[in-house]
Amino acid sequence: RSKGRSTKKTAEEEGRGKRVITALPPVLEYSGYLGAIGAVLVGPHFFFHDYLDYANSTGEYALLNTDAFPGVWGPAVKAMMASAFSAALYFKTGSLITNRAAVLTWDSRETLGIWGKLLVGFVCNVNYRLKLYFAWHLEEAVLILSGFGFSGFSTSDGVTPVWTKAVSAAMIECEMPPSAAISVVKWNRHTGTWLRTYVYDRIPMKGLAALLVTQTVCGLWHGCSPSFILFFSHSAVLIYSSRILYRIQTKYMAPETLSWTNPMHSFYTTFMLSYIAGGYNVVSLQSVLDWWQSVGWIGHYIFAAVFAAGAVFPKPNKPKDKSRTKNKTN
C-alpha cells in the first residue's frame with residue numbers, strides 16, 4: 001500500500017473480498033461467463049461473482065424468476081426510450097456536421113472565430129457520444145429485461161429497485177457533470193470499475209502520477225492511436241485540475257460562494273472535456289495538434305492557469321494527531 005493512503009478497509013476492498021475466487025472454475029462455467037450478456041462484443045464487464053449469483057439465482061438474484069423479484073418492464077422501457085432519443089439526436093446532429101474530423105481540423109478562426117469553432121467542436125463531440133449512449137442504453141434495456149443488473153433497493157426509501165449494474169453511462173450526469181471526477185465515474189462505468197480495481201488501486205504512487213498511468217492504460221485499451229492516448233492522458237490532467245478547483249472552493253473560499261462557484265466548476269468541466277475530446281474524434285497525431293491549434297491552444301493555457309492557482313493555494317497540511325504526539329512525549 002502506498003504511503004499516504006488510508007489503511008482502513010474501504011467498502012470497495014470489502015467488496016473485493018467477497019468477489020475472490022478461490023478455485024479454478026469449470027471450463028463450461030467460465031466459458032458461459034465469457035460469452036454472457038454484453039460480453040460477446042467487449043469482453044466481460046461485470047465480475048465473475050455477479051455472473052455466478054445471476055446464473056445460480058443466489059445473492060441479489062435469489063428471487064429471480066419469482067413474483068417477488070422487482071418488475072423489469074418499467075426501467076427497461078425507460079432505457080429503450082433513452083436509446084431511441086440518442087439515436088434521433090445523433091442523426092439530427094449528424095445531418096448538420098457530416099465530417100467531424102474535417103470540421104475539427106479545419107482552421108476556420110477567420111470565419112467562425114475561436115468561440116464559434118469551440119461551439120462547433122462541442123456539437124461534434126456530442127454527436128460522437130450519442131452513438132455510444134444509443135448502444136449503452138439499448139444494452140441496459142436488454143440486461144434489465146433478463147433480470148441482470150439488479151443492485152438492491154434505493155437507500156432513500158428502501159422500496160425502489162435499483163439497476164446500477166446494468167447502467168454503462170448516465171447521459172445527463174455525463175453531459176452536465178458537476179466536476180471532471182464525477183464525469184469519469186458516470187461515463188462507461190464498467191470500464192471505469194475495471195481500471196480502478198486492476199490499475200489505479202495497484203499503483204504505488206498517488207495523485208497526478210496515478211491518474212496519468214491509469215488514463216494512459218485506458219487510452220491503450222481503446223487502441224494504439226495517438227488520439228486516444230492524448231485524450232485520455234489529458235483527461236488525467238483535467239481530473240487533477242478539477243481536484244485543485246474543488247480544494248480552492250472548499251478550503252479557501254467561504255461556503256456561501258458554492259452557490260456560484262459550483263456552476264462555474266461544472267461549466268469548466270464541460271468546456272475542457274469538449275476541448276480535449278476534440279482529439280478523440282480524429283486519428284492521427286497531426287490531426288489532434290491541428291484541432292488544438294485551430295482554437296489557439298486555449299485549453300492548455302487554462303490548464304496552466306489552474307495548476308498555477310494550485311501552487312498559490314496548496315493542499316492544507318493535515319492537523320497532527322494530538323494523541324500520537326502525547327504518546328511520543330510520554
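**Exercise 1. Is Cys218 buried or exposed?**

Before solving, a word on the model: it is predicted, so local features need pLDDT of at least 70 and side-chain atom pairs count only at pLDDT 80 or more, while totals for chains, interfaces and linings use all residues. Residues are numbered from 1 along each chain as its sequence is written, and side-chain values use heavy atoms, leaving out hydrogens and water.

*Solution.* Start with the scale: buried means under 20% relative accessible area, exposed over 50%, and partly exposed in between (1.4 Å probe, protein chains only). Cys218 has a relative accessible area of 5%, so Cys218 is buried. Cys224, at 76%, is exposed. Next, look for disulfides (pairs of cysteine sulfur atoms within 2.5 Å). The count is zero.

**Exercise 2. Classify the ring pair of Phe46 and Phe148, then place it in the chain.**

*Solution.* Rings of Phe, Tyr and Trp (its six-membered ring) pair if their centres lie within 6.5 Å; planes under 30 degrees apart count as stacked, over 60 as edge-to-face, and the rest as tilted. The whole structure holds 25 aromatic pairs. In the pair of Phe46 and Phe148, the centres are 4.6 Å apart and the planes meet at 50°, so this pair is tilted.

For the location, helices are DSSP runs (H or I, at least four residues), numbered from the N terminus. Phe46 sits in the loop between helix 3 (39-42) and helix 4 (48-56), and Phe148 in the loop between helix 7 (109-146) and helix 8 (171-175), 102 residues apart. Phe46 is buried at 10% relative accessibility, and Phe148 is buried at 3%.

**Exercise 3. Do the same for Trp136 and Trp187.**

*Solution.* Their ring centres are 4.9 Å apart with planes at 75°, so the pair is edge-to-face. Trp136 belongs to helix 7 and Trp187 to the loop between helix 9 (180-186) and helix 10 (189-198), so the pair ties together parts 51 residues apart in sequence. Trp136 is buried at 17%, whereas Trp187 is partly exposed at 25%.

**Exercise 4. Which residues are linked into a cluster by ring pairs?**

*Solution.* Go back to Phe46 and Phe148: ring pairs link them into a cluster with Tyr30, Tyr33, Phe48, Tyr51, Tyr54 and Tyr61.

**Exercise 5. Where is Trp73 found, and is Trp73 buried or exposed?**

*Solution.* Trp73 is found in helix 5. Its relative accessibility is 59%, so Trp73 counts as exposed.

Notes:
Helices (H or I, at least four residues) and strands (E, at least two) are DSSP runs, numbered from the N terminus.
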